[in-house]
Amino acid sequence: KVRVITNKFPITDFHEVVIHGPTCDEGLHDMPASHLQKILEVYKQRYNFYRKNGQVLIFCNMGEHAGASIDHSHSQIVVLPPQINLDSLTREPLNNMVDENTFFNVYCPDFSQWPYELWIAPKVPGTFYGDINDDQTDDLARILHRSLKRLVKIHEEQGIKVPFAYNYYISPKENWYLRIIPRFVHRAGFELGTGLSVNIIDPSEAAELYKK
């Protein structure tokens, strides 16, 4: 039901594709939470298989605007050498809460670089993704499922003209998080020329929309 294969066009020595399911026309937001749980379990297995080889980055590009080169729903696992200093974000403070369950918080950080950006973070700090247990995987699947469904609804109800697309990645470092980046805007000259981000949606307003 979930398959892992070697990437035909690897970025690094260890680069895999996680095929989310057998159906070509289903995105993650179309799948039940029980299937997302299987995908997250595969992530954990492959993360732990490679964690001694380097920094394990798990990411998903959903939609052409988010960089997906094929339609079939999939994500990727890349192992980067430990000596490479990843310029990844540390976990942001908890604010603009959207949702929570036993093990996880969902929120829109004040710093959000993209409209409707959403973070899912474990309530217990100081852990790696590969350390989650079965109960936590189940909780993460349920809250990720709800979050993606809400993102679809926002795209529909806000009349966003850019086709529905998003990226997410799981931080490879300690104190991990899952960051969802909706690709509802195009980066323009200012952002490309300065490296700065212009977010046209206040994160507190985004959080209120998600909660509705």
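Contact here means heavy atoms within 4.5 Å. All views show a predicted model.

**Figure 1. Ile 120 and its contacts in strand E7.** Ile 120 sits in strand E7. With a relative accessibility of 0%, Ile 120 counts as buried, because buried means under 20% relative accessible area. Neighbours within four places in sequence are left aside in the contacts that follow. Ile 120 then touches Phe 104, Asn 105 and Val 106. It also meets Leu 140, Ile 143, Leu 144 and Ser 147. Tyr 177, Leu 178 and Ile 180 are further contacts of Ile 120. Ile 170 is 50 residues away from Ile 120 along the chain. The C-alpha atoms of Ile 120 and Ile 170 are separated by 9.5 Å.

**Figure 2. Val 79 in strand E4.** Strand E4 holds Val 79. Val 79 is buried, at a relative accessible area of 3%. Residues up to four places away in sequence are not counted in its contacts. Among the residues that Val 79 touches are Thr 12 and Phe 14. Tyr 50, Asn 53, Gly 54, Gln 55 and Val 56 are also in contact with Val 79. Arg 51 lies 28 residues from Val 79 in sequence. From C-alpha to C-alpha, Val 79 and Arg 51 are 8.1 Å apart.

**Figure 3. The crossing of helices H1 and H2.** H1 spans residues 33-50 and H2 spans residues 134-157. The two helices pack at an angle of about 125°. Their axes are 8 Å apart. H1 and H2 are therefore oblique to each other. Their crossing is right-handed. From H1, the contact is made by Ala 33, Leu 36, Gln 37, Leu 40 and Glu 41. From H2, Asp 134, Thr 137, Asp 138 and Leu 140 take part, as do Ala 141, Arg 142, Leu 144 and His 145. By class, six residues of this contact are nonpolar, three are polar and four are charged.

**Figure 4. The buried side of helix H4.** Helix H4 covers residues 203-211. Its residues Pro 203, Ala 206, Ala 207 and Tyr 210 are buried. Around the axis they cover an arc of only 100°, so they lie on the same side of H4. The cover over the buried residues of H4 includes strands E5 (97-100), E7 (118-122) and E9 (178-182). H2 is also part of what covers them.

**Figure 5. Two asparagines with positive phi.** Most residues other than glycine have a negative phi. Asn 96 has a positive phi of about 50°, although it is not a glycine. The loop between strand E4 (74-80) and E5 holds Asn 96. At 18% relative accessibility, Asn 96 counts as buried, because the cut-off is under 20%. Asn 175 is not a glycine either, and its phi is positive, at about 65°. Asn 175 lies in the loop between strand E8 (166-170) and E9. With a relative accessible area of 26%, Asn 175 is partly exposed.

**Figure 6. Asp 25 in the loop before H1.** Asp 25 is found in the loop between strand E2 (14-19) and H1. Asp 25 is exposed, with a relative accessible area of 64%. In sequence, 47 residues separate Asp 25 and His 72. In space, the two are 6.6 Å apart, C-alpha to C-alpha.

**Figure 7. Val 124 in the loop between E7 and H2.** The loop between E7 and H2 contains Val 124. Val 124 counts as exposed, at 53% relative accessibility, because exposed means over 50%. Val 124 and Val 162 are 38 residues apart in sequence. Their C-alpha to C-alpha distance is 36 Å.

Methods:
Residues are numbered from 1 along each chain as its sequence is written. This is a predicted model: local features need pLDDT of at least 70, side-chain atom pairs count only at pLDDT 80 or more; totals for chains, interfaces and linings use all residues. Side-chain values use heavy atoms; hydrogens and water are left out. Axes are lines fitted to C-alpha atoms, for helices over the stretch in contact, and angles run from 0 to 180 degrees between N-to-C directions. Helices (H or I, at least four residues) and strands (E, at least two) are DSSP runs, numbered from the N terminus. Angles under 35 degrees count as roughly parallel, over 145 as roughly antiparallel, 65 to 115 as roughly perpendicular and the rest as oblique. A crossing is left-handed if the near helix is turned anticlockwise from the far one by less than a right angle, and right-handed if clockwise. Ala, Val, Leu, Ile, Met, Phe, Trp, Tyr, Cys and Pro count as nonpolar, Asp, Glu, Lys and Arg as charged, and the others, Gly among them, as polar. Buried means under 20% relative accessible area, exposed over 50%, partly exposed in between (1.4 Å probe, protein chains only). The arc is that of the directions from the helix axis to the C-beta atoms.
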